[in-house]
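Let's take a walk through this model together, one part at a time. Keep the structure open beside you as you read.

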Amino acid sequence: FDGGGNDMLDDVTMGEVDLDTYSVNFDTNTIAGAFEHLVVNAQKFIPNAKLIFVNLYKLNPVAAEVTYSKQREVWSLLRKACEKYGIRYVDLYNEGNFTPAIQEQWDAFMFDWIHINESGYRRFWPLIKNALLTI
């Protein structure tokens, strides 16, 4: 699964992930709380599922109106949540070999200001495939 992108774009409050506290009650008005709520319910209702989380590739901060700093902050938070619950984290942001400020990459891999095109999916697929095959 992926997530967090819409919350990041909507400037939803980050919240916090406490690695030492496990609960079933979360502030789902925060990115962290909503994420933990999703994970806990997935683990509750599909206990044998192997979960893999895929973050977003870098978004152009001008087009998305979200700074690179904020993007890194959100993905760091969700990586911490994945660590807490033992979820495999696929890091397209840092490992996707994509820089949206390079016009040639933007033209090659983006469908619009946020969505990738088929070439973009083909670019990022090896990272996701590796996670699926090694989980």
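**From the pocket to the core**

Let's start with open space: the largest pocket holds about 440 Å³. Bear in mind that this is a predicted model. The pocket has 21 lining residues, and those nearest its centre are Asp 2, Asn 55, Leu 56, Tyr 57 and Tyr 121. As for elements, H1 and H7 are the ones that give two or more residues to that lining.

Two of those central residues are worth a stop. Take Asn 55 first, which you'll find in the loop between E1 and helix H3 (61-64). Is Asn 55 buried or exposed? With a relative accessible area of 1%, Asn 55 falls under the 20% cut-off, so it counts as buried. Its side chain has a partner, too: there's a polar contact with the side chain of Asp 91, at 2.9 Å. Leaving aside residues up to four places away in sequence, Asn 55 touches Trp 75, Tyr 89, Val 90, Asp 91, Leu 92 and Tyr 93.

Now Tyr 57. With the same sequence neighbours left out, the residues that Tyr 57 touches include Gln 71, Leu 92, Tyr 93, Phe 98, Met 110 and Phe 124, along with Ile 114, His 115 and Ile 116. Tyr 57 also belongs to the largest nonpolar core, a set of 39 residues in which Phe 53, Tyr 57 and Trp 75 touch the most other members. H2, E1, H4, E2, H5, helix H6 (103-109) and helix H7 (118-134) each put at least two residues into this core. The largest share, 7 residues, comes from H4.

So on to H4, which covers residues 68-85. Its 18 residues should span 26 Å at 1.5 Å a residue, and the end C-alpha atoms are indeed 26 Å apart. Among its buried residues are Val 74, Trp 75, Leu 77, Leu 78, Ala 81 and Cys 82, but also Lys 70, Gln 71 and Lys 84. What do the buried residues of H4 pack against? They meet helix H1 (5-9), helix H2 (31-45), strand E1 (52-54), strand E2 (88-90) and helix H5 (92-95). Right after H4 comes Gly 86, with a positive phi near 70 degrees.

Finally, look at H2, with 15 residues and a reach of 21 Å from first C-alpha to last, close to the 21 Å expected. Its buried residues include Ile 31, Phe 35, Val 39 and Val 40, as well as Glu 36. Their cover includes H1, E1 and H4.

Notes
Residues are numbered from 1 along each chain as its sequence is written. This is a predicted model: local features need pLDDT of at least 70, side-chain atom pairs count only at pLDDT 80 or more; totals for chains, interfaces and linings use all residues. Side-chain values use heavy atoms; hydrogens and water are left out. Helices (H or I, at least four residues) and strands (E, at least two) are DSSP runs, numbered from the N terminus. The expected span of a helix is 1.5 Å times one less than its number of residues. Buried means under 20% relative accessible area, exposed over 50%, partly exposed in between (1.4 Å probe, protein chains only). Contact means heavy atoms within 4.5 Å. A polar contact is a pair of N or O atoms within 3.5 Å; within protein, one must be able to donate a hydrogen and the other to accept it, and residues adjacent in sequence count only if both atoms are side-chain atoms. A nonpolar core is a set of buried Ala, Val, Leu, Ile, Met, Phe, Trp, Tyr and Cys residues joined through side-chain atoms within 4.5 Å. On a 1 Å grid over the protein atoms alone, a cavity is a set of points where a 1.4 Å probe fits but cannot get out, and a pocket is an open set with protein on both sides within 12 Å along at least five of seven lines; lining residues have an atom within 4 Å of a point. Grid points are joined across faces, edges and corners, and a volume is the space filled by probe spheres set on the points.
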